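Visitor: Please take one part of this model and go through it closely. I would like to see how that part sits among its surroundings.

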Amino acid sequence: MSRISAAVLVSGIIVFGVIIAFELAVAPRTADPLNHAPLTLRDTGAVNAVSAILFDYRALDTLGEATVILMTATVVAFLTPRAKASMLAVRLSSIVLYGVVLLLPFITILGIAVMAHGHVSPGGGFTGGVIVATSTVFYAVVYSVGGQQSYVIAPAANKLIENTAMTAFIGVGLLGLGLAGSFLANAQTGIPLGTPGELLSAGTIPMLNLISGVKVGVGLGIIVMSLFLE
Amino acid sequence: MIDIPFGPDFINGQTVSLVLFFIGLLGVVTQRNIFKTIIAINIMDVGAILFLLTVNVRPTSVPPVGSTDMLRMADPLPQALMITAIVIGISVTAVSLTIFISLFRKHGSSDWTKLIHRIESR
């Protein structure tokens, strides 16, 4: 172990001890921080408080997050210019081939349902997008014969969908800017919030859920498919 | 005589996450294999996410989804912001793996010191 690593270890242990000592010394909490959970139902009409914060209070952060996925997909696809994936040239048994055919529609429908119910139940755009990306990866792993990747959606269509979803997210934000004078505004624009707990409620939150779900699904698909290309 | 409370209460999310973070830091500093370094960065990421999720948790709180007991709901803010951290962790892993693959393809080694030596002696 070199001198630098020993220094980092010792300083880390010292910081750890200080934090634990502080935690034990100042154990009784004096005041609770502000909890957003009781406010979200009144402000946004969304039952899921996490979704309300993600797509209403902190929607600009979510836009940044979507930009991070777009940028990663771009960089990874740029750095892997090869068209052949030799690690996929494996012959699988017929149980796998036919089992995946049976599973794929259910996985996709589950992903879309999780996206659409993001404001009334646990889940949301990011979780649903990851489930949809799973179906893409399944298909690529099982049906890529001889190192040639096979796609559910062609790469050019992937690119188009990703860019359209990004534009739609910004479009919803500009809608809030036009109607209420603030970027990504939800309840202030006058969009009816509906009855909490129904599928069509909570203003722009279901739209942003669907948009970010499509974006995450396609983006993660691009990332994983590019990493298959060695 | 200092009474050290090594009970069941001592092993909570905060202490476990700090230990995880420093295990990851040790891996980043000591490992010579680039792939192991990327895994160590992932462990540090998980430690940070676990710390921020459990820093204000109360044992009696309920999930912040559709509960009628408004005042006992857990704070949804760290849960919402940790999605950002998870997404950035995925992005960092994907980009660093891609760069590692192209480095390995060009210079034929996954060892930091050998790679730096080969690049400098060209």
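Guide: What follows is a close look at helix 8 of chain A, then its surroundings, then the other chain.

The model is predicted. Start with the setting. Chain A has 8 helices and 0 strands. From the N terminus on, its elements read α-α-α-α-α-α-α-α. Of the 230 residues in chain A, 41% are buried. Contacts also reach far along the sequence. Among those in chain A between residues at least 6 apart, 71% join residues at least 24 apart.

Now the helix itself. Helix 8 of chain A covers residues 205–228. How far apart should its ends be, at 1.5 Å a residue? Its 24 residues should span 34 Å. The end C-alpha atoms are 34 Å apart, so the model agrees with the expected span. Is the helix mostly covered or mostly open? Helix 8 is mostly covered, with 19 of its 24 residues buried.

Next, a charged pair. A:Lys215 forms a salt bridge with A:Glu162. The closest N and O atoms of this pair are 2.8 Å apart. A:Lys215 lies in helix 8 of chain A, and A:Glu162 lies in helix 7, residues 155–180. The two are 53 residues apart in sequence, so the pair ties together separate parts of the chain. Are these two residues buried or exposed? Both A:Glu162 and A:Lys215 are buried. Side chains of opposite charge can pair when their charged atoms come close.

A:Val218 is another residue of helix 8. Its relative accessibility is 9%, so A:Val218 counts as buried. The cut-off for buried is under 20%. Which residues does A:Val218 touch, leaving out those up to four places away in sequence? They are A:Asn158, A:Ile161 and A:Glu162. A:Glu162 thus appears twice: in contact with A:Val218, and in the salt bridge with A:Lys215. An α-helix has 3.6 residues a turn, so residues three or four places apart point the same way.

A:Val218 also leads to helix 6. The C-alpha atoms of A:Val218 and A:Thr136 are separated by 8.7 Å. Along the chain, these two residues are 82 residues apart. A:Thr136 belongs to helix 6 of chain A, residues 125–143. At 18% relative accessibility, A:Thr136 counts as buried, because the limit is 20%. Where does its side chain reach? The side chain of A:Thr136 reaches the backbone oxygen of A:Val132, at 3.3 Å.

Go now to the start of helix 8. A:His119 touches A:Ile205, A:Pro206 and A:Asn209, among other residues. A:His119 lies in the loop between helix 5 (94–116) and helix 6 of chain A. Its relative accessibility is 0%, so A:His119 counts as buried. Its contacts, not counting residues up to four places away in sequence, also include A:Glu198, A:Leu199, A:Ser201 and A:Ala202. A further set includes A:Ala46, A:Val47, A:Asn48 and A:Ser51.

Step back to count the salt bridges. Over all chains, the structure holds 2. One is the pair of A:Glu162 and A:Lys215 described above. In chain B, B:Arg32 and B:Asp111 meet in a salt bridge, at 3.6 Å from N to O. B:Arg32 sits in the loop between helix 1 and helix 2 (34–54), and B:Asp111 in the loop between helix 3 and helix 4 (112–120), so the pair ties together parts that are 79 residues apart in sequence. B:Arg32, at 49% relative accessibility, counts as partly exposed. B:Asp111, at 16%, counts as buried.

Last, the contact between the chains. It takes 44 residues from chain A and 39 residues from chain B. The buried area is about 3500 Å², with 75% given by carbon and sulfur atoms. B:Val65, B:Thr98 and B:Arg105 supply 14% of the area that chain B buries against chain A, more than any other three residues. How many salt bridges are there between the chains? The count is 0. There are 3 residue pairs in polar contact, both residues at pLDDT 80 or more. On the side of chain B, helix 1 (13–30) and helix 3 (76–107) are the elements that give two or more residues. Helix 3 of chain B gives the largest share, 18 residues. That side divides into 27 nonpolar, 9 polar and 3 charged residues.

Terms used: Residues are numbered from 1 along each chain as its sequence is written. Chains are lettered from A and ligands numbered from 1 in the order in which they are written. This is a predicted model: local features need pLDDT of at least 70, side-chain atom pairs count only at pLDDT 80 or more; totals for chains, interfaces and linings use all residues. Side-chain values use heavy atoms; hydrogens and water are left out. Helices (H or I, at least four residues) and strands (E, at least two) are DSSP runs, numbered from the N terminus. Buried means under 20% relative accessible area, exposed over 50%, partly exposed in between (1.4 Å probe, protein chains only). A polar contact is a pair of N or O atoms within 3.5 Å; within protein, one must be able to donate a hydrogen and the other to accept it, and residues adjacent in sequence count only if both atoms are side-chain atoms. Contact means heavy atoms within 4.5 Å. Buried area is the accessible area (1.4 Å probe) that two parts lose on being put together, summed over both. A salt bridge is a side-chain nitrogen of Lys or Arg within 4 Å of a carboxyl oxygen of Asp or Glu. Ala, Val, Leu, Ile, Met, Phe, Trp, Tyr, Cys and Pro count as nonpolar, Asp, Glu, Lys and Arg as charged, and the others, Gly among them, as polar. The expected span of a helix is 1.5 Å times one less than its number of residues.
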